[in-house]
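Good morning, colleagues. Today I would like to take you through the interior of one protein model. Please look at the sequence and structure as they appear.

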Amino acid sequence: MSENESFKILSIDGGGIKGLYSAVILADFEDKYGKLSNYFDLICGTSTGGIIALALSAGIPAKDIVDLYEKNGPLIFPFMNKYNRKFHKVKQIFLTSKYSDKNLKNSLINVFGDMRIKDCITNVLIPTSNITKGTPCIIKTDHNHELGRDSNHLLVDVALATAAAPTYFPIQEIPTMGDCNDQFADGGLYANNPSLHGIQEAYRYFIGKENNKYKKFSLLSVSTLHRNFSFQKPLNIYRRSFILWNANLISLMMDLQSISTHYHIEYLNKSLKGDYLRIESEDLTEIESKLIDLDNASPESIKILIEKGHEASEKWINEPLLKGFFENEFENITLRGEPVGTM
């Protein structure tokens, strides 16, 4: 890959506390190659991946994100006792969101302070869901430098919006988003793996445009850690109610969506001929799989997420495909690429 040809994209999946796995991988890459924001033209992320993407785009070290998850995960997802978890699952089904966003918001304020989209040093793209209008919404760097649609959004507000998983966290509002106080929920409802949106952004504004140096894309996509949802024994097809599916339904939807996006990109890339590397979920034993969930921040789960993250990074860190993303470090910290077109 050449800096003069490839528009480099980093994309990070959603998945609650499972984002710790992704953060560990990226922190290991950063330890070896240097600050990630110095190598990518665009960083995309959804839900927990959106939190990571916003932090990296703002120049925050990946190891600080690991600390955020490791130290604050148990505060954000506090119900670790099995009886507590059962009680709050009932509350989640019949009454209100399972968790308050107070601890999540305080944790994000400690990381982002009053930083805004316009303060990011690398282009950023964050999917969220506008449930007021019933439409997808992409919050991103303004490439026109005139419209300023998203420039003044606080990173804390954007992070809360993209991570507002239905029934887990409260619906969010972004104060500067229009005049009607639209409400937002998790971007994972339609783009848990935002890689395709990153490619679309690259082609819409950068690749092949007049007076622009980019000829193709180079995409590094990082998964969260997936539970094993394969059912070796046949299920009773008439006894699979919403309650029996429980949170498995949301986790399964997110994981399948991420894997499906990966397949789409592999197929499309036969024509696009970009550089594409997907860091997938590591395998889990049956016991480990039972400890991994969107909101399981128990000590055992945290330990597995960190260990599996290191396993994945060790597997890929010296691979030529990965090294290609770190061949040319940008000499400055201004936004990458040439602003072209309109929003």
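I shall speak about the nonpolar cores, then a helix pair, and finally one strand residue. Please bear in mind that this is a predicted model.

Let us begin with the cores. The largest nonpolar core comprises 72 residues, and L10, L26 and L56 have the most contacts inside it. Helix α1, residues 19-33, contributes the most to this core, namely nine residues. A second core, separate from that one, has 15 residues, among them C44, F217, L219 and I265.

What does L56 touch, leaving aside residues up to four places away in sequence? Its partners are L10, I12, L26, E30, L36, S37, I43, A62 and I65.

I turn now to the helix pair. The axes of α1 and α2, the latter spanning residues 48-57, come within 9 Å and cross at roughly 25°. Because angles under 35 degrees count as roughly parallel, α1 is described as roughly parallel to α2. Their crossing is right-handed. On the α1 side, G19, S22, A23, L26 and E30 meet T48, I52 and L56 of α2. The residues of this contact comprise four nonpolar, three polar and one charged.

Finally, consider L219, which lies in strand β7, residues 216-222. Is L219 buried or exposed? L219 is buried, with a relative accessible area of 0%. Not counting residues up to four places away in sequence, L219 touches I9, S11, S195, I199, I265, D275, Y276, L277 and F325. Of these partners, Y276 is 57 residues from L219 along the chain, yet their C-alpha atoms are separated by 4.9 Å.

Note on methods
Residues numbered from 1 in each chain as written. Predicted model: local features only at pLDDT ≥ 70, side-chain atom pairs only at ≥ 80, totals over all residues. Heavy atoms only, no water. Core = buried A, V, L, I, M, F, W, Y, C linked by side-chain atoms within 4.5 Å. Buried < 20%, exposed > 50% of the residue type's maximum accessible area, 1.4 Å probe, protein only. Helix = DSSP H or I, 4+ residues; strand = E, 2+ residues; numbered from the N terminus. Contact = heavy atoms within 4.5 Å. Axes fitted to C-alpha atoms, helices over the stretch in contact; angles between N-to-C directions. Parallel < 35°, antiparallel > 145°, perpendicular 65-115°, else oblique. Left-handed = near helix turned anticlockwise from the far one by under 90°. Nonpolar A, V, L, I, M, F, W, Y, C, P; charged D, E, K, R; others polar.
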